[in-house]
Amino acid sequence: MSLTTEIQKRRTFAIIAHPDAGKTTLTEKLLLFGGAIKTAGAVKSNKIDTATKSDWMEIEKQRGISVATSVMGFEYKDIKINLLDTPGHQDFAEDTYRTLTAVDSVIMVIDCVKGVEIQTEKLMEVCRMRNTSVICFINKLDREGRDPYDLLDEVEEKLNIKVRPLSWPIGMGKSFKGVYNLYDKKLNLYTPSQRQLSDDRLTIEDLEDSKLVDKIGPNYAEQLREDVELIEGVYPDFDPQEYLEGKVAPVFFGSAVNNFGVNEMLDTFIQIAPGPKSRNTEDREVVPEEKNFSGFVFKIHANMDPNHRNRIAFLRICSGRFERNKPYNHVRGTKPLRFSNVTSFMAQDKEIVDEAFPGDIVGLYDTGNLKIGDTLTDGENMTFKGIPSFSPEIFREVINKDAMKTKQLEKGLKQLMEEGVAQLFTFEMGSRKVVGTVGQLQFEVIQFRLKNEYNATVEFSPMNLYKACWISSKDKKALDEFVRSKNRHIARDKEGKLVFMAESKSWLQMVQDNYPDIEFHFTSEF
Ligand code: G4P
């Protein structure tokens, strides 16, 4: 098969949702449709239940298990679908943000009872930064949820994206009858079933057709006609191009647990969702059809056993053909790298692959050469952009409790940061080291792993910090002056970039007002 055909076949996406909205359930149903699994219940939720919420060892164990399900590949109607899993626990949100850099589109699941929740808002911000195409699936229609019009308004308002319903619910909760698909003019009748795989769809081009009344009764038929008229009047026609550019999100309604509306969405997904998109490097845009291979590492999964310190690096292929055992240029490194142990992720099996194509994700066994954000190429020296660090939310100073093990500590910290466990900032004055995370759990993870794998003992001392802001200025003198006058609050990130460590929101605002020539950024790429 030609490279172009391989590229056109691929769709790489992630499902994002606030915990409990139905991400795991939807994933499982998609895999069932794709024939990748045979029975329901095969996909384990990567959500942490309340009993183990603070037990990070348990979480790490689950993270270990979830390596196999980190990427789930399956074929559906001749399309190769790569579904990337995102961690369920919000303390690992940074992992999710990075996963989103490796997909071309997302499906966002919203619980119709709860509406838009906080985690969805945060994830959507990340999607918006890259204009990722978004399909919205409003789930749990078998429950008495909120009014669909209100839900759509909420999505537009809170997630700051235009919506366009492509299906519309008829009734809800106990009186839920089904959905009418506005895109292909089909009526999809609801029959609660956890087993049935295909939707019961009936084409009704004209809503005055008597078949409609036969199926749902005169009252629901009348309501549907009114709703459809209103929607077609209020919302402009669906424009697939606007969806591809991330400007409008098509919306579907359904009930994942009942297999309802999932098949319908998947059929539309393969028609409209983007294939492998072009990606920017610091110098130029790379298009997937380029003959030469290129890709970047967006995730690293470490083996926590100190005797087997191998790790799996997840590589997103951006252009050309990737081949096993071929030496590739490791742009940040000094020597070419060759990978003999390359796995693809089809269904829940990992298997060795000899080649892979743009849109694919492969797992590379690595002994410590790779870090998140690394670019591999056929030879060209370029680095992919778009894997920014975000300002952490919790900061603590690293206190070394065993001066004899300083070297081990430095090494351990460096490696853990390369895996993306947390972010390290080093203050310019006094070289104090500060670890920043989005959740409490990471501190326990780091402390344990430093001891267990590097024999270094640390404690963390809380710091009163609000945000880490990457700073820049067009005026070099102004930047130098700012760094000098605020030197007690200036640190460097792992790449040596300048960061202003702000103690509070109001103080940051004041500093921003006082230094109009300085730009403050909340991500490391700007
Ligand atoms: P998550 O991965 O987004 O965290 O959510 P998950 O799929 O685990 O779903 C959360 C809960 O919502 C599960 O119930 C699941 O069965 C339920 N659910 C998913 N889709 C629907 C739906 O369409 N309708 C209804 N009524 N419920 C739905 P649970 O009680 O937490 O777990 P379980 O014992 O049912 O597995």
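Start with the surface of the whole protein chain: about 22,800 Å² is accessible, and carbon and sulfur atoms account for 47% of that area. Keep in mind as you look around that this is a predicted model.

Now switch to a cartoon view. The protein chain carries 14 helices and 30 strands. Of its 526 residues, 56% are buried. If you display contacts between residues at least 6 apart in sequence, 73% of them join residues at least 24 apart.

**First stop: the largest nonpolar core**

Select Leu-100, Ile-138, Leu-315, Phe-322, Val-362 and Leu-364. These are the residues that touch the most other members of the largest nonpolar core, which has 82 residues. Next, colour strand β15 (residues 311–319), which supplies the largest share of this core with six residues. Where does the core sit relative to the domains? Colour domain 1 (3–70 + 88–272) and domain 2 (279–377) separately: both give residues to the core, so it lies between them. In general, nonpolar side chains of soluble globular proteins tend to be buried together.

Stay here and centre on Val-362. Setting aside neighbours within four places in sequence, its contacts include Ala-313, Phe-314, Leu-315 and Ile-317. Phe-322, Val-342, Thr-343, Phe-345, Val-353 and Ala-356 are also in contact with Val-362. Apart from this core lies another, of 32 residues; select Leu-31, Leu-83, Phe-137 and Tyr-243 to find some of its members.

**Second stop: two cysteines**

Select Cys-127 and Cys-469. Cys-127 has a relative accessibility of 1%, so it counts as buried. Cys-469 is at 0% and therefore counts as buried too. There is no disulfide to look for, as the structure holds zero of them.

**Third stop: salt bridges**

A search of the whole structure finds 38 salt bridges. Opposite charges on side chains can pair when the charged atoms come close.

Try Arg-284 and Glu-290, a salt bridge with its closest N and O atoms 2.9 Å apart. Arg-284 is partly exposed, at 28% relative accessible area.

Then select Arg-332 and Asp-374, where the closest N and O atoms of the salt bridge are 2.8 Å apart. Arg-332 belongs to the loop between β17 (329–330) and β18 (342–346), and Asp-374 to the loop between β21 (361–366) and β22 (375–377), so the pair ties together parts 42 residues apart in sequence. Which of the partners is buried and which is partly exposed? Arg-332 is partly exposed, with a relative accessible area of 43%, whereas Asp-374 is buried at 3%.

Move on to helix α12 (residues 441–454) and pick Arg-449 and Glu-453: these two are four residues apart in the helix, so about one helical turn separates them. Their side chains meet in a salt bridge of 2.7 Å, N to O, and both residues are buried. Now extend the selection to Arg-311, Asp-366, Lys-414, Glu-418 and Glu-419. Through salt bridges that share partners, these residues form one network with Arg-449 and Glu-453.

**Last stop: Lys-9**

Finish at Lys-9, in the loop between α1 (3–8) and β1 (10–17). Is Lys-9 buried or exposed? Its relative accessible area is 18%, and the cut-off for buried is under 20%, so Lys-9 counts as buried. To see what surrounds Lys-9, show Met-1, Glu-75, Asp-78, Ile-79 and Lys-80, its contacts once neighbours within four places in sequence are left aside.

Technical notes:
Residues are numbered from 1 along each chain as its sequence is written. This is a predicted model: local features need pLDDT of at least 70, side-chain atom pairs count only at pLDDT 80 or more; totals for chains, interfaces and linings use all residues. Side-chain values use heavy atoms; hydrogens and water are left out. A disulfide is a pair of cysteine sulfur atoms within 2.5 Å. Buried means under 20% relative accessible area, exposed over 50%, partly exposed in between (1.4 Å probe, protein chains only). A nonpolar core is a set of buried Ala, Val, Leu, Ile, Met, Phe, Trp, Tyr and Cys residues joined through side-chain atoms within 4.5 Å. Domain bounds come from an automatic or database domain assignment. Contact means heavy atoms within 4.5 Å. Accessible areas come from the Shrake-Rupley method with a 1.4 Å probe; for residues, only the protein chains shown count as cover. A salt bridge is a side-chain nitrogen of Lys or Arg within 4 Å of a carboxyl oxygen of Asp or Glu.
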